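Let's take a walk through the empty spaces inside this protein. Keep the 3D view open as you read.

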Amino acid sequence: MQLPEIAVAEPWETVPGVQVLKVIEAFARVGVDVSPTLAGFGMPRDVALDTPVSFRQAAAWTDHVLTTFPQRGLGLLYVDLVTPLDQGIVGYTILSSDTLRAALRERIRFAALLRPYFGMALHEAPDGLSELRVIERDPPLMSTRARTFCMERDLATWAGTARRMLGPGTHFEVVHCAYPDPQLQDRYSEVFGCPVRYDQPMSLVRFRNTLLDTPMRHAHTEAHALCEAQCDALMARMRESPATATALRRLMLRRPKALPTLEEAAVLLDRSSRTLRRQLMAEGTSYTEVLADVRMLLACDYMRATTLGIRDVALLLGYADESAFSRAFKRSMKQTPRAWRSAQPAMA
């Protein structure tokens, strides 16, 4: 069995402004102007396509507008709202690929340049059907309502992209949605052109393996080579050694349910524990301070976007008990976990 190719949903610090602008555009298409709400979340109203926006600010804002202006099927608008060219140089690299398989591999390979909320996996199964899967974050960072919107958005984007890259027609065999039926049967049939199943363990689209060898409508070998080289250069720049504290923070956020000890982190960062301590000290911090900061970020994510109890959150983050967690949280956030959670918008 061939293993899936996966783009992991990394815990990015920022997202490009285009992700915010597309939400604004989607709401505008249903007659709602949500741009005035940006300022309340610390974001400029004139955000541009490439403006770096705090991931947590964008997530909280998305939760807010979806809660304040609920819309069924808003993500389905992305079938016409988003094109590969919205993804900049990565989009050009995808479009100029020779086949669909090559295009999907380029999308997975350069996913980091797009700062996606979800990851994706391509699985070629021996039964003649392939799957493109949505890979969720853990902790989710968003409410159930916002995660549903993002899944619906990504599935619709894939449907629209398939038509643009391969031409008109029905390309999917079945779509699985990891959320309840929104009671929009006609609209879902129009967007996907195939059976849709709800309340599934994972969101995905399933299609014939033979589709992977379909030539791309805009394949261009020379243009692809140029775009690919630019993407490689951007990826290399992203991989340049970050500050030690930043690298440690990213490592911890990638393993939220198994936060590494200093010794484990040193091994994973390819250095000795003594060197790790010394480098952190030179940056004016320590393993303990980075761990405390990450724990507070994760605690807020869990309490805002899940229904886990305070005790469960405490144990999940490695605290001895709820009291120890509450003391640490109050020192950092100046209020108790329960007070903080009660002040957050109601999540659905």
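How many cavities of 30 Å³ or more are there? The count comes to 2. Bear in mind that this is a predicted model, and that rolling a probe the size of a water molecule over the atoms is what shows where empty space is left.

Start with the largest cavity, which has a volume of about 130 Å³. Its lining takes in 14 residues, and if you want to find the centre, look for Gln 19, Ala 58, Thr 62, Met 142 and Arg 153, which lie nearest to it. Which helices build the wall? α1 (17-29), α2 (55-68) and α6 (144-166) each put at least two residues into the lining of this cavity. The largest share is from α2, with 5 residues. As for chemistry, the lining of the largest cavity breaks down into 11 nonpolar, 2 polar and 1 charged residues.

Now move on to the second largest cavity, at about 50 Å³. Here you can click through the whole lining: Ala 159, Ala 162, Arg 163, Gly 169, Thr 170, His 171, Phe 172, Val 191 and Phe 192. You'll meet α6 again, since both α6 and α7 (185-192) supply at least two residues each to the lining of the second largest cavity. This time α6 gives the largest share, 3 residues. Sorted by class, the lining of the second largest cavity has 5 nonpolar, 3 polar and 1 charged residues.

So α6 is a helix to keep in view: it contributes at least two residues to the lining of the largest cavity and at least two to that of the second largest.

Terms used:
Residues numbered from 1 in each chain as written. Predicted model: local features only at pLDDT ≥ 70, side-chain atom pairs only at ≥ 80, totals over all residues. Heavy atoms only, no water. 1 Å grid on protein atoms, 1.4 Å probe; cavity = no way out; pocket = protein on both sides within 12 Å on 5 of 7 lines; lining within 4 Å. Points joined across faces, edges and corners; volume = space filled by probe spheres on them. Helix = DSSP H or I, 4+ residues; strand = E, 2+ residues; numbered from the N terminus. Nonpolar A, V, L, I, M, F, W, Y, C, P; charged D, E, K, R; others polar.
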